[in-house]
Amino acid sequence: MMPETTNISNLMNEQRSYPPSAEFTAQANAQPGFYDQDPDEFWEREGRERLSWFTPFSTLKEWNPPYAKWYLGGKINACYNAVDRHVENGLGDKVAYYWEGEPVDDRKTITYADLQREVVKTANGFASLGIGKGTHVGVYMGMVPELVYTMLALTRLGAPFTVVFGGFSADSLSGRLNDMQCTHLITQDGSYRRGKVFDLKATADTAMDAAPSTTTSIVLKRCSNDVVMHEGRDHWWHDVVDGQSDDPASRPCEPMDSEDLMFLMYSSGTTGKPKGVVHSTAGYLAGTSTTHHYIFDIKPDTVYWCAADIGWITGHSYIVFGPLVNATTSVMYEGTPDFPDKDRWWEIIERYKVTVLYCAPTAIRTHMKWGPEYAQKHDLSTLKVIGSVGEPINPEAWVWYRDHIGGGRTPVVDTWWQTENGMVLITPLPGLSTLKPGSASKPFIGIEPAVLDDHGEEIAPGAGAGYLVVKKPWPAMLRGLYNDDARYKDTYWSRFPGVYMAGDGARVDADGDYWLMGRIDDVMNVSGHRLSTIEIESALVDHPDVAEAAVTARADALTGQAVVAFVTLKGGRDGSPEKLAELRDHVGKVIGAIAKPANIVFTPELPKTRSGKIMRRLLRDVAEHRPLGDTTTLADPTVVSEIADRAAVGKDE
Ligand code: WTA
């Protein structure tokens, strides 16, 4: 199962290193000695000082493997910590978000006082339609300020939510609404995407038809595209929210238990059904805000921009909750990096004098492909720290990022973590770490990862690659999978009893620095988005013409990995370019455009072992156009060479 690629360029890059500058270290939030602190004392102090409590916690943590609880006995509210207390502390005039719509000149500056007024109005509006403590709410929106108001209003009311990325299909949305049994859905008429309007409401309609528990929707008018409003079910946001009181006293923040469910984030796993990753309240807030403070070196005058989408965990932790708890000024951008032109990001950095940028390696490689001249048109000299997340960053992209965006001057923080982690676990600290391009550096304080071999033995630093595990609980870790204890235990805790298995391969070098090597399971990572091979296979087989499908990934210079599907059509029919386009669209319809295969190879048969298991490793070899591995367990070895011939002429987009 381990990735067989020896990463030669990584081995060479171990030699290349960038020590922190004395100037940066002198002013850094994490000072020398940071790692020497006692982790429990550290998290105890961060919990007490960084967060405000209605009732202080009495016990730091409880660990009954595989279940952790943190900050036990406390009462707390996420919205109060993110908004109200900052206004009470005199920060009402501080900017919370500089928001930019995709259409140029569509901008808003939202102070903490504005944010509080909007969130209170929103919470009052939501309450008028029956949303209260314990109501389950689905959210399907684009990158608009109202998405942030929605998440904060729901935490103010104590209503657990799940945000579904706006690029997901109706089936993906209804699957999540049904699994969480959401009674309400917050959505919008349309969202902007590269100058076009994506019809969110029509997708939401199809999803709600298939989600009987979801009987009420609230629809924000964003693009004024035509929508059908269903009497009694659908309500316009402006009718529900606009006339409400914005007085915080009219809607106080609901005191929540530290361990109360705050939200679910569905994530692709190794089966067809996405898993509802459970995040609770206090540990999540402490973990995200603390890591945000130290990793990005947040200061009162920081202008911070995480260019992810709030529909993913990165946006939850590092656009919404982490930064707001720290009273940070953030930038939030609605659209794509190339609208209206390829310098949109750099224009935004110049306009708001952004000091911290956090984005995905795919975005960096895209900018690299477009060329540095777009960045050169703008003043990026305000940048102090630049970060990357979501996939391994190849050393070439790392160096390009530092040189062309960071002016050859800024630390680059390559942060490793997952939906399940809630917060960054392995990362450099910008004033302390000697950086190596391609390495995520060291565990954050209190995090105890290890790399294990097939037998569960720890592999010593410098001695090779294995399975990445985490041995101790951390504050923002998942509290389980929603309504599925068996799957929780099986997925993360069964391969190596007592430790959390991340599903990534990694190695540790002689300096103790971690090098991530990609997934070791049937999860792919395309443009930083997690996709499941099985989920895409199910989507393909769902098409009436498909008899069988196997999905794998090949390396891709731009997107990290690309989806390659091997498909056998019913009745021994041959594939055609039309059928290829039709199947790609079908996957887009069932899961979402991000899951469409880059390439489909039609084949009369799939290679299988005698017991009938599809030989994925072989297909991966074919997909990579690599020489074939061992085929002796194949039922019909001729199938492989035939597939390889077809793949060689297969057309990538
Ligand atoms: C991958 C995103 C290498 C990894 C926050 C992980 C990374 C999966 C890095 C989680 C990194 C994330 N270097 N690989 N810095 N960050 N990954 O749940 O394979 O969307 O398991 O969370 O992304 O993706 P997820």
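In this predicted model, helix α13 (residues 361-370) is mostly covered, with eight of its 10 residues buried. The buried set comprises P361, T362, A363, I364, R365, T366, H367 and W370. These residues pack against three helices and three strands by name: α12 (344-352), α14 (373-376) and α15 (395-405), together with β18 (356-359), β19 (385-389) and β30 (560-569). G371 follows α13 and has a positive phi, near 105 degrees.

The largest nonpolar core contains 110 residues. Within this core, L115, L152, F321, L324 and F444 touch the most other members. Helix α6 (residues 145-157) supplies the largest share, eight residues. A separate core of 42 residues lies apart from it and includes Y140, L173, Y482 and V526. The surroundings of F321 were examined beyond its neighbours within four places in sequence. There, F321 is in contact with A78, M151, L152, T155, F161 and M262. Its other contacts in this set are Y284, L285, T288 and H316.

The ligand is surrounded by 17 residues. D414, T415, T419, R519 and R530 come nearest. By class, the shell divides into six nonpolar, six polar and five charged residues. Two polar pairs involve the protein backbone. An oxygen atom of the ligand is 3.1 Å from a polar backbone atom of G390. A nitrogen atom of the ligand lies 2.7 Å from a polar backbone atom of T415. A side chain also takes part: an N or O atom of N525 is 3.2 Å from a ligand oxygen atom. Taken alone, the ligand exposes 530 Å², of which the protein buries 97%. Helix α11 (313-325) and strands β20 (412-415) and β26 (514-519) each give two or more residues to the shell.

A327 is found in the loop between α11 and β17 (329-333). A327 counts as buried because its relative accessible area is 7%, under the 20% cut-off. Leaving out residues up to four places away in sequence, A327 touches H86, L91, K94 and Y112. G269 is 58 residues from A327 in sequence, and their C-alpha atoms are 34 Å apart.

Several backbone features stand out. Most residues other than glycine have a negative phi, and most peptide bonds are trans. The peptide bond from P65 to P66 is cis, with omega near 0 degrees. P66 is found in the loop between β1 (59-64) and β2 (67-72). A cis peptide bond also runs from F339 to P340, with omega near -5 degrees. P340 is found in the loop between β17 and α12.

Positive phi values occur at Y71 and R194, neither of which is a glycine. Y71, in strand β2, has a phi near 55 degrees. Y71 counts as buried because its relative accessibility is 0%. R194 has a phi of about 50 degrees and is found in the loop between β9 (191-193) and β10 (196-198). At 46% relative accessibility, R194 counts as partly exposed.

Key:
Residues are numbered from 1 along each chain as its sequence is written. This is a predicted model: local features need pLDDT of at least 70, side-chain atom pairs count only at pLDDT 80 or more; totals for chains, interfaces and linings use all residues. Side-chain values use heavy atoms; hydrogens and water are left out. A nonpolar core is a set of buried Ala, Val, Leu, Ile, Met, Phe, Trp, Tyr and Cys residues joined through side-chain atoms within 4.5 Å. Buried means under 20% relative accessible area, exposed over 50%, partly exposed in between (1.4 Å probe, protein chains only). Helices (H or I, at least four residues) and strands (E, at least two) are DSSP runs, numbered from the N terminus. Contact means heavy atoms within 4.5 Å. A residue is near a molecule or strand if one of its heavy atoms lies within 4 Å of it. A polar contact is a pair of N or O atoms within 3.5 Å; within protein, one must be able to donate a hydrogen and the other to accept it, and residues adjacent in sequence count only if both atoms are side-chain atoms. Accessible areas come from the Shrake-Rupley method with a 1.4 Å probe; for residues, only the protein chains shown count as cover. Ala, Val, Leu, Ile, Met, Phe, Trp, Tyr, Cys and Pro count as nonpolar, Asp, Glu, Lys and Arg as charged, and the others, Gly among them, as polar.
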